Amino acid sequence: MLRRSLSRLCAGEEKRVGTRTVVVGHRPVPDTEAYVAQKFCDNRIVSSKYTLWNFLPKNLFEQFRRIANFYFLIIFLVQVIVDTPTSPVTSGLPLFFVITVTAIKQGYEDWLRHRADNEVNKSNVFVVENAKQVRKESEKIKVGDIVEVKADETFPCDLIFLASSSTDGTCYVTTASLDGESNFKTHYAVRDTTVLCTDEAIDTLTATIECEQPQPDLYKFVGRIIIYGSNQEPVARSLGPENLLLKGATLKNTKKIYGVAVYTGMETKMALNYQGKSQKRSAVEKSINAFLIVYLCILLGKATVCTTLKYVWQSNPFNDEPWYNEKTKKERDTFKVLRMFTDFLSFMVLFNFIIPVSMYVTVEMQKFLGSFFISWDKEMYDEEIQEGALVNTSDLNEELGQVEYVFTDKTGTLTENSMEFIECCIDGHKYKDCITEVDGFSQTDGPLKYYGKAEKSREELFLRALCLCHTVQIKEADQVDGLMAHPERKYTYISSSPDEIALVKGAEKYGFTFLGLENNFMKIRNQKNETEMYQLLHVLNFDPVRRRMSVIVRTSTGKLLLFCKGADSSIFPRVQQEEIQQTKVHVDRNAMDGYRTLCVAFKELTEKEYDKIDRQLNEAKMALQDREEKMAKVFDDTEADMHLIGATAVEDRLQEQLAETIEALHAAGMKVWVLTGDKMETAKSTCYACRLFQTSTELLELTARTVGESDRKEDRLHELLLEYHKKLIQDLPKNRGGLKRSWTLSQEYGLIIDGSTLSLILNPSQDSGSSNYKSIFLQICLKCTAVLCCRMAPLQKAQIVRMVKNTKGSPITLSIGDGANDVSMILEAHVGIGIKGKEGRQASRNSDYAVPKFKHLRKLLLAHGHLYYVRIAHLVQYFFYKNLCFILPQFLYQFFCGFSQQPLYDAAYLTMYNICFTSLPILAYSLLEQHISIDTLTSDPQLYMKVSDNAMLQWRPFLYWTFLGAFEGLVFFFGVYFLFQNSSLEDNGKLALDTRFWTWMNHFVIWGSLAFYVFFSFFWGGVIWPFLKQQRMYFVFAHMLTSVSTWLAIILLIFISLFPEILLIVLKNIKEKNHQAGPFDLPVLVSYKRIENGYVKAEDAVTNLAERYPLRIP
């Protein structure tokens, strides 16, 4: 009965499904029999991928998903089971080496994640038990425990705020690691528990909390607390987000707080916003798998041809059983089909070297060693934090050269979250920089001109409004969260909004100083150095719907004033219309300059008006049902018929070289989307300031403001989607050429969408009949030059990334952010980059790469990414080419040995070919090659498009390399099969032709490998090895080199095999001179993206670049 009556008291109960009941402090309540004990998870955080028990099977499963690994496992088993021409060691040893090296690398990376988890899980916390503090490890906190958190400590789980050291039951927290905001946010304790501010007092609390089951939304929480008194009826109070302290947030400016754990471990809101870690695979690896399938088909074809021709050859009895090699009885009795199958497997083993398993070892080494170049890059070192770039996952180096979409957070990533007061206007008069007392407020110091001035009383009224209309607090400290105190004072300002601090400091600059709030009286010091006292009666807090805030104060003379500040669109309709125009001019100009603007208004209240407002506000605050709607109605009625005083302009300082970096990314063909939890107006002004939106960009809005809050909002959304779709897709002409993306449209479009509207699009109601929302929305997004998503929850950021990632063509996506709220999108994107800022290290810890500043993204992608892709693409093509060149003679030799599975090469050469003769030169090339200088790549972003869309690993260049391998294998075999010569000389010769950036290391490994081949051949053939049953190469090599004809044959065959390459270089150089091209000889890359979504062939996209930098890739 009690439960039902309390349910009726609490708003929203009928709308919630799936609730949990938490017994505070695990103390039984009078109606215990009504509760069913529930099981909750512990407080352990797990971000690692493996455990000690599942590492081996899980890692092996992932590694054998690679076609080459799985293939060599099969070949190894065949060699063990079947009598084959080569030893099982030839396949098993390289495979074991590859699997072991990869497992060690991945195991080490996961061990680092385990270590980071243990730092959190093993940290000490204090739990109140039996009126005493008990020290526990964080992972041992249980739901219902009362936890004490002290200043500057991080909340170990999601807590309901019960009491604090502040008598008013408030505390201040920073949520830098959650939403990127380093500013102070105010939270409130349940008003009935605020007095329980000691261990003994809090231990007397008997209460239960009913709340919703864990939800990932950081900004929503619905619950109630039922407090049981000794001889009183239970009291029910509603709980909202202002009562919930989130795991990962930090307590500031408050000595201590008490809270009860409601969500723990992987059920906390922060953990629910983490995406599960999955194995990211690069586009290059997918291309390798496709090429492996082709070569596997070639291998099967060779084995099938040789098996068939063997039995055709043996159809002649003399060939089947010559007099010198008669069959045994067992061989004659063997079933013919079984013999054919065994022979087929033997040929597979004989030709298996066409599949380059050693390529994976080389690729792993190239990625691991190559990643050090990012860490060592001095230009990506930040002096402020004394750190450089960090590589957490080296598997994705080449993906940095293929990015098409960049998703970025705003606060702390694009901006420094450091606000600065720039200027203001009062009654249409502009005021900028410091003033002097003699000349008056409006006269500026320095070279700036005189702007005219308003009346002195209006100036002072405006400055008093700035000093009073805010929620700023004073802290007696020299430094708070990186914000240095004013050198002339011993305190600093703290607030949930950096704008408010900037405005208070702006007023201080003009002579009015806010001295703090004491016993509900706000103190300010005016220009005459006199202290003024104002009684704070009510604060009408800011909310995103009203987009304004107000305070009601009483002066020392008893006058009642309401001061209001907010966005121009929310203030102008509420003031006298004749006052607007003179201020609107300044507001529009400041907005064009990218400043954040606020308008300031006031009105004087009579005692009767105030009494009515006071009564309505108190009634609304006490309401448990529809409290927000009732308070909004009172606010709306109160903030009417005001008088406009002026406006302010505040700059949210952008990160260094931000605009230049975004322009470079655009020029490189990338689209930049901003995904932020910030307000729309703030985010929009930042997008203008960093040139993501141009002044000519037409903005399309899909927000709560344009869609509306009525029951018809889904219909209105559908109308807007169809309208925008018609404007962008149907009415615009097809893009017929130009750059890879159509930046040159007659009209550029930008899209703005907020979190609530995105939820409607991605999760339409069942009866809306709008399942095509997502498709239309995606088409609109892809046609816009820039997209801004504001008020995004962390999982919504990941949804946006996933939506684009899964579109037709599977574009490569990159996410960059600095807070824990960005971790989901960082994990979701193909490449995740964390900013090593002041906002915690959750993002950088969970990212693939971490950089100190956003500006470093330019070099990371345009230089490092470009070079990594070119290098690894060449490495992959080269491995397939050289293995085909090496194994084709083995296939041709079967035609000369009666398909007897006789190996052409000695076993030592089979083993050493990939390990020693040809591996080091290509490894050095793939680490050091610079076909274009880094400075040129960074300064000319359009070069990035030449390698985009996986251009160097398309089928055309792959077939060209395959043709080269086949051609050179034929030349090698038919030229030297009488001499039994090896082909590594010619392979390294081709690599020397391809190298454009010579270092001592390239010379050493290329010519050193050739010298080692000669030395090894002399050594292997010059000694009688007692452990060998037969020694086919004894003194053969030394004897051959005594013949002049052998030397002539070597030189001639190397020249013939490399002649097509030499001819191409000569023709390119002639063409380059005719066109007066630039100094770089680069491959002419071909991309095969279709013209859909503004894409065209890369030949058209980079015509001018191809003339400047002619490049030689087939």
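A salt bridge is a side-chain nitrogen of Lys or Arg within 4 Å of a carboxyl oxygen of Asp or Glu. The exercises below use this term and a few others. The model is predicted.

**Exercise 1. A salt bridge at D636**

Task: State which residue D636 pairs with in a salt bridge, and which parts of the chain the pair ties together.

Solution.
Step 1. The partner is R574. The closest N and O atoms of the two residues are 2.1 Å apart. The cut-off is 4 Å, so the pair qualifies.
Step 2. D636 belongs to helix α18 (residues 627-638), while R574 sits in the loop between α15 (568-571) and α16 (580-592), so the bridge ties together parts that are 62 residues apart in sequence.
Step 3. Check the cover. D636 has a relative accessible area of 34% and is partly exposed. R574 has 19% and counts as buried. Buried means under 20%.
Step 4. Look for further partners. Salt bridges that share partners join R548, R574, D636 and E639 into one network.

**Exercise 2. Two more salt bridges**

Task: The structure holds 33 salt bridges. Locate R224–E210 and E828–R802, and say whether each residue is buried or partly exposed.

Solution.
Step 1. The side chains of R224 and E210 meet at 2.7 Å, N to O. R224 is in strand β9 (residues 223-227) and E210 is in strand β8 (residues 207-212), so this bridge ties together parts that are 14 residues apart in sequence. Both R224 and E210 are buried.
Step 2. For E828 and R802 the N to O distance is 3.3 Å. E828 lies in helix α26 (residues 823-828) and R802 in helix α25 (residues 794-805), so parts that are 26 residues apart in sequence are tied together.
Step 3. E828 is buried, at 11% relative accessible area. R802 is partly exposed, at 30%.

**Exercise 3. The span of a helix**

Task: Check the span of helix α12 (residues 358-375) against its residue count.

Solution.
Step 1. Helix α12 has 18 residues.
Step 2. The expected span is 1.5 Å times one less than the number of residues. For α12 this comes to 26 Å.
Step 3. The end C-alpha atoms of α12 are 27 Å apart, which agrees.
Step 4. Now look at burial. Buried residues of α12 include S358, M359, Y360, V361, T362 and V363. Further along, E364, Q366, K367, G370, S371 and I374 are buried too.

**Exercise 4. Two open sheets**

Task: Give the strand order, the pairing and the edges of the 9-strand sheet and the 6-strand sheet.

Solution.
Step 1. Recall how strands join. Strands of a sheet pair through backbone hydrogen bonds, either parallel or antiparallel.
Step 2. The sheet of 9 strands is open, in the order β14-β37-β36-β35-β15-β31-β34-β33-β32, with mixed pairing. Its edge strands are β14 (390-391) and β32 (698-702), each pairing on one side only.
Step 3. Take one pair from this order. Strands β31 (residues 671-675) and β34 (residues 786-790) run parallel and are joined by 4 bridges. V674 stands opposite L788 in β34.
Step 4. The sheet of 6 strands is also open. Its order is β3-β2-β4-β13-β5-β11 and its pairing is antiparallel. Here the edge strands are β3 (132-137) and β11 (244-245).
Step 5. Strand β5 (residues 158-164) pairs with β11 in the antiparallel sense over 2 bridges. I160 stands opposite L244 in β11.

**Exercise 5. An aromatic pair**

Task: The structure holds 24 aromatic pairs. Classify the ring pair Y881 and W961.

Solution.
Step 1. The ring centres of Y881 and W961 are 5.7 Å apart. The limit for a pair is 6.5 Å.
Step 2. The planes stand at 75 degrees, so the pair is edge-to-face.
Step 3. Y881 lies in helix α28 (residues 856-893) and W961 in helix α32 (residues 955-976). The two are 80 residues apart, and the pair links distant parts of the chain.
Step 4. Y881 is buried at 0% relative accessible area. W961 is buried at 7%.
Step 5. Ring pairs also link F291, Y295, F880, W955 and F958 into a cluster.

**Exercise 6. A nonpolar surface patch**

Task: Name the residues of the nonpolar surface patch, then place I1056.

Solution.
Step 1. The patch is made by L1052, F1055, I1056, F1059, L1063, V1066, L1067 and I1070. Its area is about 700 Å².
Step 2. I1056 is in helix α36 (residues 1044-1074).
Step 3. I1056 has 33% relative accessibility and counts as partly exposed.

Notes: Residues are numbered from 1 along each chain as its sequence is written. This is a predicted model: local features need pLDDT of at least 70, side-chain atom pairs count only at pLDDT 80 or more; totals for chains, interfaces and linings use all residues. Side-chain values use heavy atoms; hydrogens and water are left out. Buried means under 20% relative accessible area, exposed over 50%, partly exposed in between (1.4 Å probe, protein chains only). Patches are made of residues with over 30% relative accessible area and no salt bridge: like charges are joined within 9 Å, nonpolar side chains (Val, Leu, Ile, Met, Phe, Trp, Tyr) within 5 Å. Accessible areas come from the Shrake-Rupley method with a 1.4 Å probe; for residues, only the protein chains shown count as cover. Two strands pair if DSSP finds at least two bridges between them. Rings of Phe, Tyr and Trp (its six-membered ring) pair if their centres lie within 6.5 Å; planes under 30 degrees apart count as stacked, over 60 as edge-to-face and the rest as tilted.
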